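Hi,

Here is the structure I promised to pass on. Have a look at it first, and then read on for what turned up.

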Amino acid sequence: MSLERTDSALAPAATAYSARTGTPRWSRRRGVVGVFSALAVVGFAGALVAPTGVALAEPAQAEAPDSAYAVALEDTQNLTVTAEGAAIAPVVRGNFEVYVKPKPPPPPPVVAATPKESSSGGGGPLFYTGGGAPAEWMAAAGIAESDWGYVDYIVAKESGWNPNATNKSSGACGLVQALPCSKVPGNGYDPVDNLRWANGYATGRYGSWAGAHAFWTKNRWW
């Protein structure tokens, strides 16, 4: 007995059409399975790439400085100092007064008292304390310059040109040793007053200073 194939026996069950959609049932199942398979592949690939993406997206954390000195050093390196155009406000300080103690005025100079010639009258002429030179004194006394040599000789012998010379025994005073001292107008110890009186004495008694000089060299007094 031979077996015969029929078309109905060879048709697989998968080729059965859906009575509702008119499409083969195996085709719908295959499409659903393919979608799920694609989603699974995409999910797996995302799981592999995600850590790397996150790592790339997050910036690397800077290492913290090792010490406070390193932090301060980094801050100072970033400073830029400029004074050009900067408005510098003046420092306002409190007012204060400085008291300077004034120096005391200098004391007045002490003038030594000039000794006086002792006499019975109680208070003689003052000693001479001024300056000057013999030529100035003779000129001021009115003695001619031609007689200065005679005058210099007599005065040098009598007093050594010391206006305050005094003879303790006789009381004669001054350059020419006037005797008595009170006969000199003014002050017998003033060189100009003394020479002025001597000029009149020499010309009145000896006729000139030359005559007075001649008398003195012969008698050692005049």
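Is tyrosine 206 buried or exposed? The model is a predicted one, and in it tyrosine 206 comes out as buried, with a relative accessibility of 18%. That is under the 20% cut-off for calling a residue buried. Its ring pairs with that of phenylalanine 215: the centres are 5.0 Å apart and the planes sit at 35 degrees, so this pair counts as tilted. Phenylalanine 215 has 23% relative accessibility, so that residue goes down as partly exposed.

There is more of this kind to look at, as the structure has 11 aromatic pairs. Take tyrosine 201 and tryptophan 222: the ring centres are again listed at 5.0 Å, but the planes are at 90 degrees, so the pair is edge-to-face. Tyrosine 201 belongs to helix 6 (residues 191-206), while tryptophan 222 is in the segment after helix 7 (209-219), so the contact ties together parts that are 21 residues apart in sequence. Tryptophan 222 is buried at 10% relative accessible area, whereas tyrosine 201 is partly exposed at 21%. If you want to colour the aromatic cluster in your viewer, pick Trp197, Tyr201, Tyr206, Trp209, Phe215, Trp221 and Trp222.

Tryptophan 222 shows up again at the largest pocket, where Val176, Gln177, Ala178, Leu179 and Trp222 are the closest to the centre among 13 lining residues. The space in that pocket is about 220 Å³. Sorted by class, its lining has eight nonpolar residues, three polar ones and two charged ones.

Now for the cysteines. How many disulfides are there? The count is one, and it joins cysteine 173 to cysteine 181, with the sulfur atoms 1.9 Å apart. The link is right-handed, with 85 degrees about the S-S bond. Both ends are tucked away by the numbers: cysteine 173 is buried at 0% relative accessible area, and cysteine 181 is buried too, at 11%.

One last residue, in case you are browsing the helices: lysine 157 sits in helix 5 (residues 148-158). Lysine 157 is partly exposed, with a relative accessible area of 47%. Its C-alpha atom is 9.5 Å from that of leucine 175, and the two residues are 18 apart along the chain.

Over to you!

Technical notes: Residues are numbered from 1 along each chain as its sequence is written. This is a predicted model: local features need pLDDT of at least 70, side-chain atom pairs count only at pLDDT 80 or more; totals for chains, interfaces and linings use all residues. Side-chain values use heavy atoms; hydrogens and water are left out. On a 1 Å grid over the protein atoms alone, a cavity is a set of points where a 1.4 Å probe fits but cannot get out, and a pocket is an open set with protein on both sides within 12 Å along at least five of seven lines; lining residues have an atom within 4 Å of a point. Grid points are joined across faces, edges and corners, and a volume is the space filled by probe spheres set on the points. Ala, Val, Leu, Ile, Met, Phe, Trp, Tyr, Cys and Pro count as nonpolar, Asp, Glu, Lys and Arg as charged, and the others, Gly among them, as polar. A disulfide is a pair of cysteine sulfur atoms within 2.5 Å. Buried means under 20% relative accessible area, exposed over 50%, partly exposed in between (1.4 Å probe, protein chains only). Helices (H or I, at least four residues) and strands (E, at least two) are DSSP runs, numbered from the N terminus. Rings of Phe, Tyr and Trp (its six-membered ring) pair if their centres lie within 6.5 Å; planes under 30 degrees apart count as stacked, over 60 as edge-to-face and the rest as tilted.
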